[in-house]
Amino acid sequence: MTIYLEDLVIGEKVIFGSHRFTKEEILIFARDFDPQPFHVDEAAAERSIFGKLSASGWHTAAMWMRAMVDYRQRQAEADHRAGKVVPPSGPSPGINKLRWLKPVYVGDTITYTSTVTDKLDDPKRPDWGIAVTHDEGVNQKGEAVYSAIGRVYVKRREPLKTKPRGG
């Protein structure tokens, strides 16, 4: 995140960007990382449940990550140019409910977004909080093809006030 936890707005949706899936990249990714017949062979894909060559779900997820990283880098650079303080990025403690909702086919353009759904305290890390997000990829027809619930540590402007122990 390029802003502080206190500045995140629950319900705010950010559009990271779009990616068009080509036949060549679907084949390259699948051969390297997910070599199932419906991802690497057009004839086999036609006989499969998908009916034609489709991108690996991991490819779809990886492109969400690429879009998110590119967006955050652009935002941080713009903030630096504007003289704004850019807080350090935190790690993700993981994702939940990863779902591949529809296949992604050759020529599909997927638009990737993230919506803040909650902000959580972490008393063990008073300088940080956790942003909970609903992450999504939607194809050019408006159909969701990918979703996940993400979590990421976000720097606080002011440390969380914790209660003293034993008191």
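How do the residues of the lining of the largest pocket divide into nonpolar, polar and charged? The structure examined here is a predicted model, in which local features need pLDDT of at least 70 and side-chain atom pairs count only at pLDDT 80 or more, while totals for chains, interfaces and linings use all residues. Residues are numbered from 1 along each chain as its sequence is written, and side-chain values use heavy atoms, with hydrogens and water left out.

The largest pocket (an open set of points on a 1 Å grid over the protein atoms alone, where a 1.4 Å probe fits, with protein on both sides within 12 Å along at least five of seven lines; lining residues have an atom within 4 Å of a point) has a volume of about 340 Å³, taken as the space filled by probe spheres set on the points, which are joined across faces, edges and corners. Its lining numbers 20 residues, and Trp64, Met65, Met68, Ser92 and Ile95 are the closest to the centre. Two or more lining residues come from each of helix H4 (57-81), S2, strand S4 (128-138) and strand S5 (144-155); helices (H or I, at least four residues) and strands (E, at least two) are DSSP runs, numbered from the N terminus. H4 provides the largest share, seven residues. As for the opening question, the lining comprises twelve nonpolar, five polar and three charged residues, where Ala, Val, Leu, Ile, Met, Phe, Trp, Tyr, Cys and Pro count as nonpolar, Asp, Glu, Lys and Arg as charged, and the others, Gly among them, as polar.

The second largest pocket holds about 270 Å³ of space. H4 again gives the most to the lining, here with four residues.
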